[in-house]
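Here is a short tour for a first look. Keep the sequence and the 3D view at hand.

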Amino acid sequence: MIVIGGGLAGLAAGVALADSGWRVKLFELRPYLGGRATSYVLPSGEHVDNCQHVTLGCCTNLDDFYRRVGSANKVKFFDRLFFLDPQGRSGAMQAGILPAPFHMTGSFATFAPLSLGDKLSIARAMMRILFSAGKPKEVATPEGISMLDWLKCQKQTPRAIERFWRVVLVSALDEELDRTDARFGIDVFWKAFLSNHTGYRMGVPAVPLAELYDGCRIAIEKKGGEVTLRAPVRGIRVENGAITGIQLDNSHEESADAYVCALPHTALDNLLPPELKSANPMLASLEKIKVSPITGVHFWFDRSITSEPFITLLDTTVQWVFNKTALYHSDDLSSRGLGSPEESALSSGGQNKAHPNGQYLQLVISASYDLLKKSREEIIDLCLKEIRQALPAAREAQLVKATVIKEASATFSPEPGVDRFRPVQTTNTPGLFLAGDWTATGWPATMEGAVRSGYLAAEAVLCSAGSAAKFLQPDLAPTGLSKLFSLR
Ligand SMILES: Cc1cc2nc3c(=O)[nH]c(=O)nc-3n(C[C@H](O)[C@H](O)[C@H](O)COP(=O)(O)OP(=O)(O)OC[C@H]3O[C@@H](n4cnc5c(N)ncnc54)[C@H](O)[C@@H]3O)c2cc1C
């Protein structure tokens, strides 16, 4: 069994198949596992995440995967989401004692950044989601409708759209509301906020991302398999419509009974030979799946400016602020740094040795189209201004160092109707299977979507070999009164 690509999709497929007794050979282009959700080691031996990644309580397959590879205890879950606007008004969302779907009602009712009118309009749209158990019929068309159009149909106030729907969905789906299929947006609210009282809990890795995958290699090797890094697959050999092998560097070839291609859709498009595209019409239209950007900004201050582990900012370019110093603050992490050679003044937890009480913040801006054109200096100036406005302690603090990472193709764009172009994990070519967040999972581009695709590909491989296994985990079961709505 060959898996091409060591991102979450390839790892989930490889580990699930190894757990079923298959000998898996996994080939990854880069020197580390995890794909887009990874961290890397700098020449100085320090670890840096490529970008902050978070999960939610409703991501049942990612949770299963972390458990499978022994990493579940490396993710910290938080019950409270904290919001702050430029005027200094704050609000927190947290489950109270009421059963689902009313568990957030208490914190929502006292949420200062929204007016009563905004809240009533949001409650109306939430009722529409609730009464349809997350599947209102008006969004179930192949072409889809945009989230913005759906919100306008639900008569949402401009401030409710800007300060509530946009805030949650642009970060969750990495796209603006007018370019997001309403089906994805509604699903986020049903699964994370309405159906189950724990679905919204936010999980933040407490270790550099690559450490979450240590158990994958072990699981694969235990069954006689191999994980090969720095191993770009250069070609797929096809004879008489069947795959006969893959081509690696130095004229090296490998063959297997089955192949799972777990590459980003753009990379797969470049790798596929024409005969495979013509045998699989769905693979001929991969270029119709567009991409959207995420920008990460890293700030190291000479002092602590917030005690919150993370903050959602309202009405600003910066959407999320993660307090990496606090998130990494545990004995287990005390030996790790977060700097580069030129950042050698930084000690463990991202603090600067010259400023032992300093703080490392990572800012995240999803759907950051406007920032792609801006220079690094412009982005730093803009974000620093916003941070200083939102967090008064930052006004006196000195910015010791800053870094900007623009990911132009961070995720596929969940634009209306995109599901028409997402192929399932089985193909018309015997032995060829697909995995990747962009394949048909029903989920947007997330770690959960990637793991689901890997599990589905592994199930398909076993099915084609005449055996059956179930890896895909069910969604969180509705709790409280939401059970009644899910039965309708
Ligand atoms: C900046 C950023 C922030 C994000 N934040 C979040 C978040 O907070 N929460 C969340 O759930 N999701 C987030 N995502 C999305 C998440 O990272 C992806 O959905 C998920 O990691 C995709 O996994 P994948 O395995 O499908 O693809 P990938 O991770 O892209 O894996 C594909 C792998 O294939 C390898 N490869 C490519 N070509 C070849 C070749 N020729 N031969 C061998 N190997 C090859 C690549 O190196 C890569 O390792 C974020 C993504 C980005 C970029």
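## A partly exposed methionine and its patch

This is a predicted model. Start with Met127, which counts as partly exposed because its relative accessibility is 35%. Met127 sits in helix H4, made of residues 116–131.

Met127 belongs to a nonpolar patch on the surface. The other members are Ile97, Leu98, Phe102, Phe131, Leu481 and Leu484. Together the patch residues have about 700 Å² of accessible area.

## A buried isoleucine in helix H4

Helix H4 also holds Ile129. Ile129 has 0% relative accessibility, so this residue counts as buried. The cut-off for buried is under 20% relative accessible area.

What does Ile129 touch, leaving out residues up to four places away in sequence? The list is Gly134, Trp150, Trp165, Ile186, Phe189, Trp190 and Leu194. Take Trp190 from that list. Ile129 and Trp190 are 61 residues apart along the chain, yet their C-alpha atoms are separated by 6.7 Å.

## Glu254 and its partners

Glu254 is placed in strand S13, residues 253–254. Is Glu254 buried or exposed? Glu254 counts as buried, because its relative accessibility is 14%.

The Glu254 side chain makes a polar contact with the side chain of Lys25, at 2.8 Å. Lys25 is also one of the residues in contact with Glu254 once neighbours within four places in sequence are set aside. The others are Ile2, Phe27, Gly245, Ile246, Leu248 and Tyr259.

## Salt bridges

How many salt bridges does the structure hold? The count is 32. Three pairs are described here, followed by a network.

One bridge joins the side chains of Glu176 and Arg166, at 2.8 Å from N to O. Glu176 lies in the loop between helix H6 (158–173) and helix H7 (182–194), while Arg166 lies in helix H6, so the pair ties together parts that are 10 residues apart in sequence. Glu176 counts as buried, at 19% relative accessibility. Arg166 is partly exposed, with a relative accessible area of 22%.

Another bridge links the side chains of Glu221 and Arg217, at 3.1 Å from N to O. Both residues are in helix H8, residues 214–222. They are 4 residues apart, so about one helical turn separates them. Glu221 is partly exposed at 39% relative accessible area, and Arg217 is partly exposed at 29% relative accessibility.

## A further pair and a network

Asp269 and Lys277 also form a salt bridge, and their closest N and O atoms are 2.9 Å apart. Asp269 is buried, with a relative accessible area of 19%. Lys277 is partly exposed, with a relative accessible area of 23%.

Elsewhere, salt bridges that share partners build one network. Its members are Asp187, Lys191, Glu448, Arg452 and Asp475.

## Helix H15

Helix H15 covers residues 447–464 and has 18 residues. From its first C-alpha to its last, H15 reaches 26 Å. That is close to the 26 Å expected at 1.5 Å a residue.

Is H15 mostly covered or mostly open? H15 is mostly covered, with 15 of its 18 residues buried. Gly466 follows the helix, and its phi is positive, near 90 degrees.

Methods. Residues numbered from 1 in each chain as written. Predicted model: local features only at pLDDT ≥ 70, side-chain atom pairs only at ≥ 80, totals over all residues. Heavy atoms only, no water. Helix = DSSP H or I, 4+ residues; strand = E, 2+ residues; numbered from the N terminus. Expected span 1.5 Å × (residues − 1). Buried < 20%, exposed > 50% of the residue type's maximum accessible area, 1.4 Å probe, protein only. Patch = residues over 30% accessible without salt bridge, like charges linked within 9 Å, V, L, I, M, F, W, Y side chains within 5 Å. Areas by Shrake-Rupley, 256 points an atom, 1.4 Å probe, with all protein chains shown as cover. Salt bridge = Lys/Arg side-chain N within 4 Å of Asp/Glu carboxyl O. Polar contact = N/O pair within 3.5 Å; in protein donor to acceptor, adjacent residues only side chain to side chain. Contact = heavy atoms within 4.5 Å.
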